[in-house]
Amino acid sequence: MLVLLGLAVLITYLWSLPKPWHPDPRTSAELAREIVLPLYMGFLLPVICLGYASAAIADERTGETLVYLLTTNIPRPLVYLSKYAAALILTLGMALGGLGSLCLVPGKIGLEALGVFWPVTACATAAYVGLFLLFSAWVRRATFLSLAYALMIETLTGNIPGFVKRITVSFYAKSWLYESGEMLELAAKGVALSLFDPVSAATAQWVLGLASAGFIVLGMWIFSRKEYD
Amino acid sequence: MSSESTTMTALAEVRNVSKWFGPVMALNGVSLEIGSGITGLVGPNGAGKTTLLRLLTGQIKPSLGGIDVCGRDAWSPRAKDHIGLCPFGDATWDELSGRQLVRVTAGLRGFTGAEARRRAEAVLETVGMVDRANRPVRTYSKGMRQRIKLGQALIHDPDMLVLDEPLNGVDPVGCEELNDLFRTLAAQGKAVLVSSHILHEMDQLADRILFVCRGKLLASGPLEEIRDMLDDHPLKVRISCESPRWIGPQLLTLESVKSVSIETPRDLLLEVQNPSRFYAEFCEFAAGNDAQVQRFKATDTSTEAVFDYLMERAVRPE
């Protein structure tokens, strides 16, 4: 995970250097449009979340240490909730730390982008962690399922015109960013905007919040009933 | 087959439990009770021992029937207050030291601060790991891991200890020390359920034996009583007396005696059927014939012998 983040920081640093074909200093809007939105929100954030959340229970299963949690007197839903809280804290630290690194590498221009992106990142992280932890409680090889979801559903479906992309977390994160990041000119324009058909920021916030809560409740239900081998 | 010589207060009660994993039936209509003292759970691989232990510790639910631990459903968190599990696998949080691991377990059981430390030190003392408790668990030998796992199982002072092959990999001296510990815990009124495939361990250790095979409980109770109930299986008895050559032919007239051989000038080896009847017939014979018996010993009442016979019966076609 740290290697991926380091690579992303290096790419951002190289991107920010003056070049013969782009001698002007980079702007905050360019940073947001060309680096943070596609590289971070589109790829790194789901990967960071799945790295920690999908391993939270699956690793205990494969490591055969889950038995110690299942035979304590702590109710299973509470065990799951503790796992969610721990995974969320860890992932938020990594996700926000990574976002801060990317935004601050080019200098002061990143502060504006950071201000716009961090609340969306935090909410999207809560939803991703809820979803990937649910996978972790559900199947043994949760990392593969999470990776397949991140690449197939979030990336592919998230970019297909039409209604289907509304099942992805990234759709609501982008919709929120299009509205809150107006000054960074994040929103798609013209036909692209009509094809994307974003929801309002308020709706996106509600959906992300409800999705997070829904994933947690569903995960608690699965974890409290499942017989782990 | 069940044999209980004394009234037992059941800490765990398994009522007609069956368990399927898909099409595979792991347990088939098992009913038993586990009370204080040491109970040995014996059976070959795939017999259903681990399934039974997992059911008792609330890791899985029965497909049919029910399991109560101290009056509560085994799946419920309250039942787990009464059970300490020492699992078979060595896996644990290896990066922690033994002391940290036991304290973490105390935390998982709801003990914090000074109470967690007090309990951790007490169980480290009990399992004999105080002097090695600061080393990382990954550096521990198999026997030390078993001890620290036992410490984890004891941290909340449970009424019932479930030990899955606890002597596996432990050296003979360590085995004896752990057996002493199990006896001490049993003497305190705890139920200690020990699963083992090393059958002769059970001869000296267990007060009661549960034999399982192919998902069924073949027999339960004190070993000697189970052996006595096996009326169609020959039992070998060695008798030392003054005049074996005179007594031998007399003993052959008893209905329960199948064969008599003279082992040494003073020893007879009898093969008898239906031990209970033989004991009664022999007492009558010895009293009426002035047999001058100096020693009387059944030679194959070991767990292994009983287990072999039960297995033979289990696989025999009806």
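**Exercises on helix packing and sheet topology**

The crossing of helix 2 and helix 6 of chain A is right-handed. The model examined here is predicted.

**Exercise 1.** Determine how helix 2 of chain A is oriented relative to helix 6 of chain A, and which residues form their contact.

*Solution.* Step 1: the axes of helix 2 (residues 28–62) and helix 6 (residues 142–156) of chain A come within 8 Å and cross at roughly 155°. Step 2: angles over 145 degrees count as roughly antiparallel, so helix 2 of chain A is roughly antiparallel to helix 6 of chain A. Step 3: helix 2 of chain A contributes P46(A), V47(A), L50(A), S54(A), A55(A) and A58(A) to the contact, while helix 6 of chain A supplies A142(A), T143(A), S146(A), L147(A), A150(A) and E154(A). Step 4: sorted by class, this contact has 8 nonpolar, 3 polar and 1 charged residues.

**Exercise 2.** Identify which strands stand at the edges of the open sheet of chain B, and state which helices lie across strand 7 of chain B.

*Solution.* Step 1: the open sheet consists of 6 strands in the order 6-7-8-3-9-10 (chain B), with mixed pairing. Step 2: strand 6 (83–86) and strand 10 (216–221) of chain B each have a single partner strand, so they stand at the edges. Step 3: strand 6 of chain B runs parallel to strand 7 (residues 160–164) of chain B, and 4 bridges join them; L85(B) has V162(B) as its bridge partner in strand 7 of chain B. Step 4: helix 1 (residues 49–56) of chain B lies across strands including strand 7 of chain B, to which helix 1 runs at about 150°. Helix 5 (residues 142–154) of chain B lies across strand 6 and strand 7 of chain B, at about 165° to strand 6.

Terms used: Residues numbered from 1 in each chain as written. Chains lettered and ligands numbered in written order. Predicted model: local features only at pLDDT ≥ 70, side-chain atom pairs only at ≥ 80, totals over all residues. Axes fitted to C-alpha atoms, helices over the stretch in contact; angles between N-to-C directions. Helix = DSSP H or I, 4+ residues; strand = E, 2+ residues; numbered from the N terminus. Parallel < 35°, antiparallel > 145°, perpendicular 65-115°, else oblique. Left-handed = near helix turned anticlockwise from the far one by under 90°. Contact = placed C-beta atoms within 7 Å. Nonpolar A, V, L, I, M, F, W, Y, C, P; charged D, E, K, R; others polar. Pairing = 2+ DSSP bridges.
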